[in-house]
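Q: I am new to this structure. Could you walk me through how to read its features, one at a time?

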Amino acid sequence: KHKHKKDKKKKKEKKKKKKKKKKSKAKNAGACDQDRFGSRGVVRESDFFRKRREFEAWLGEVKQMPGFSGSKREQLELFREYAEDFNTCTLPSDKYYDLEAWETAEYARKLRGERASTKERTVFDDERELERERRAEAEKRDRAAEQAELRDRARDGDRMKDVREADFL
């Protein structure tokens with residue numbers, strides 16, 4: 001009988017340990033911010049074709065795999081990763097949530113003349129950049145001067161023509 005009691009105690013201890021593990025797993029289940037999960041919608045594997053453009057943009061820019069042409073299975077695995085990032089709102093840009101809306105906003109920004117900052121600067125060579133800007137301004141001035149000179153010549157030609165016609169009469 002004595003062994004039987006020990007076995008019961010061991011079983012109870014195992015059950016308690018299992019319950020503790022389940023509780024700790026449940027606590028860790030919310031690895032992402034639960035308030036944000038799905039705040040932009042929830043993407044499933046069945047949404048592959050609906051989110052294809054965003055997924056391809058994400059593949060090319062985030063995963064550095066432009067024009068990915070792997071197997072269907074590899075593509076599906078990558079889409080699952082994209083869907084997880086989408087659902088947990090951890091994608092690096094709004095572009096990957098709704099590409100059409102992002103493009104529309106970018107176009108509107110360009111129309112307003114704002115600088116579209118899609119990429120961060122990685123090279124900080126102010127000297128070269130300043131020199132490039134100066135050259136571009138000088139070329140712009142030169143082109144404007146050439147056009148003004150051409151207009152003046154055209155006007156002078158018209159005047160000479162008028163003078164000749166007046167002398168002829």
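A: Let us start with one loop residue. E45 sits in the loop between helix 1 and helix 2. Keep in mind that this is a predicted model.

Q: Is E45 buried or exposed, or partly exposed?
A: Read the relative accessible area. Buried means under 20%, exposed means over 50%, and partly exposed is in between. E45 has a relative accessible area of 41%, so E45 is partly exposed.

Q: How many residues apart are E45 and R80 along the chain, and what separates their C-alpha atoms?
A: Compare the distance in sequence with the distance in space. E45 and R80 are 35 residues apart along the chain. Their C-alpha atoms are separated by 6.8 Å.

Q: How many helices and strands does the chain have?
A: The chain has 5 helices and 0 strands. Along the sequence, the pattern reads α-α-α-α-α.

Q: What share of the chain is buried?
A: The chain has 169 residues, and buried residues make up 15% of them.

Q: How do I read a nonpolar core, and which residues have the most contacts inside the largest one?
A: First the general idea. In soluble globular proteins, nonpolar side chains tend to be buried together. Now the case here. The largest nonpolar core has 15 residues. Those with the most contacts inside this core are F55, W58, F79, Y82, F86, L91 and Y96.

Q: Which elements give two or more residues to this core?
A: They are helix 2, residues 52-61, and helix 3, residues 72-87. Helix 3 gives the most, with 5 residues.

Q: Where does Y82 lie, and is Y82 buried or exposed?
A: Y82 lies in helix 3. Y82 counts as buried because its relative accessibility is 0%, and buried means under 20%.

Q: How far apart are the C-alpha atoms of Y82 and E56?
A: They are separated by 9.9 Å. Along the chain, Y82 and E56 are 26 residues apart.

Q: How do I read a salt bridge, and how many are there?
A: Look for a side-chain nitrogen of Lys or Arg within 4 Å of a carboxyl oxygen of Asp or Glu. By this rule the count is 11.

Q: Which parts of the chain does the salt bridge between K95 and E61 link?
A: The side chains of K95 and E61 meet at 2.8 Å, N to O. K95 is in the loop between helix 3 and helix 4, residues 99-112, while E61 is in helix 2. The pair links distant parts of the chain, 34 residues apart. K95 has a relative accessible area of 11%, so K95 is buried. E61 is partly exposed, at 40%.

Q: What does the salt bridge between E81 and K63 tie together?
A: The N to O distance of this salt bridge is 2.5 Å. E81 lies in helix 3 and K63 in the loop between helix 2 and helix 3, so the pair ties together parts that are 18 residues apart in sequence. Both ends are partly exposed: E81 has a relative accessible area of 31%, and K63 has 29%.

Q: Where do R153 and E149 lie?
A: R153 and E149 both lie in helix 5, residues 126-168. They are 4 residues apart, about one turn of the helix. Their side chains form a salt bridge of 2.8 Å, N to O. R153 is exposed, with a relative accessible area of 54%. E149 counts as partly exposed, at 41%.

Q: Which residues form a positive surface patch?
A: Look for like charges at the surface. Here K8, K10, K11, K12, K14, K15, K16, K17 and K18 form a positive patch. K8 is found in helix 1, residues 2-28. K8 is partly exposed, with a relative accessible area of 49%.

Q: What is phi of Q64, and what is phi of C89?
A: Check the sign, and check whether the residue is glycine. Phi of Q64 is near 55°, a positive value in a residue other than glycine. Phi of C89 is also near 55°, and C89 too is a residue other than glycine.

Q: Where is each of them, and is each buried or exposed?
A: Q64 is in the loop between helix 2 and helix 3. Q64 is exposed, with a relative accessible area of 59%. C89 is in the loop between helix 3 and helix 4. C89 is buried, with a relative accessible area of 6%.

How values were computed. Residues numbered from 1 in each chain as written. Predicted model: local features only at pLDDT ≥ 70, side-chain atom pairs only at ≥ 80, totals over all residues. Heavy atoms only, no water. Patch = residues over 30% accessible without salt bridge, like charges linked within 9 Å, V, L, I, M, F, W, Y side chains within 5 Å. Areas by Shrake-Rupley, 256 points an atom, 1.4 Å probe, with all protein chains shown as cover. Lys, Arg positive; Asp, Glu negative; His and termini not counted. Charge placed at Lys NZ, Arg CZ, Asp CG, Glu CD. Buried < 20%, exposed > 50% of the residue type's maximum accessible area, 1.4 Å probe, protein only. Core = buried A, V, L, I, M, F, W, Y, C linked by side-chain atoms within 4.5 Å.
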